[in-house]
Amino acid sequence: MDKVIRKPADAVADIPDGASLAVGGFGLNGIPETLIRALHAQGATGLQVVSNNCGIDDRGLGILLAAGRISRVTGSYVGENKEFARQYLSGELEVELVPQGTLAERLRAGGCGIPAFYTPAGVGTQVADGGLPWRYGPDGGVAVASPAKEIRSYDGRPHVLEHGITTDFALVRAWRGDRHGNLVFRRASASFNPLAAMAGRVTLAEVEELVEPGALDPDQVHLPGVFVQRVVPLTPAQAADKQIEKRTVRA
């Protein structure tokens, strides 16, 4: 039951080239920065990433992206990363953009063993009709486009079929966690981290504060340990290393 792995490098050592990864965080909030850096040092390439966004140019998944380690991204927002835009428009990177709520539900569904579901989000757009450019060719034309999706009417309203997402691995960050993998997330980091953790077949969780089993109030646990296979405790310096994309202060 003790799932603690002290060294981040040991936790990511078996992630192979071409692996699919669900990665938690919202913007730079709650991203598993230490595990991402360990994976960068490990050298795996051709990674297929599912995450709300892909970091910025020098933080989070942007580190792997800049090194050419990511081949495909499924996400909702990519507006803060110039290198992401360059790779996508030049045909180096395949990108599937998904409505944010749909992405969250696809991760949750995958983690719960639900293969697919219907949602009204995206009906009447290229999300449902197909034709979104997933990958561009060297000449600037669309090399791979999104397919059309099944539409079905419920109560007189059209819904589009979306599929649950499961990945080989998941990388997440928690505020507190115990040795059994039970996790507590803080504030905005509770958005995509629990969902990403559920979707991964092998989930790695870096935790800012490691506690002993029984120290967490069961009613306060956001993600039970059944979804977590490896717990990586952070050093105080690693736990304190947090940034946001843009800082706004009042005059």
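How many bridges join strand 8 to strand 9? Four, and the two strands, the latter covering residues 157-163, run antiparallel. Strands here are DSSP E runs of at least two residues, helices are H or I runs of at least four, and both are numbered from the N terminus. Two strands pair if DSSP finds at least two bridges between them.

A word on the source. This is a predicted model, where local features need pLDDT of at least 70, side-chain atom pairs count only at pLDDT 80 or more, and totals for chains, interfaces and linings use all residues. Residues are numbered from 1 along each chain as its sequence is written, and side-chain values use heavy atoms, without hydrogens and water.

Back to the sheet. It is open, with three strands in the order 5-9-8 and antiparallel pairing. Strand 5 (116-119) and strand 8 (151-154) each have a single partner strand, so one side of each has no neighbour in the sheet. Within the strand 8 and strand 9 pair, Arg152 stands opposite His159 of strand 9. Helix 5, residues 100-112, packs on the sheet and touches strand 5 and strand 9, a contact being heavy atoms within 4.5 Å. The direction of helix 5 makes about 155 degrees with that of strand 5; axes are lines fitted to C-alpha atoms, for helices over the stretch in contact, and angles run from 0 to 180 degrees between N-to-C directions.

Last, the lining of the largest cavity. On a 1 Å grid over the protein atoms alone, a cavity is a set of points where a 1.4 Å probe fits but cannot get out, and lining residues have an atom within 4 Å of a point. Strand 4 (94-97) and helix 6 (126-129) each supply at least two residues of that lining.
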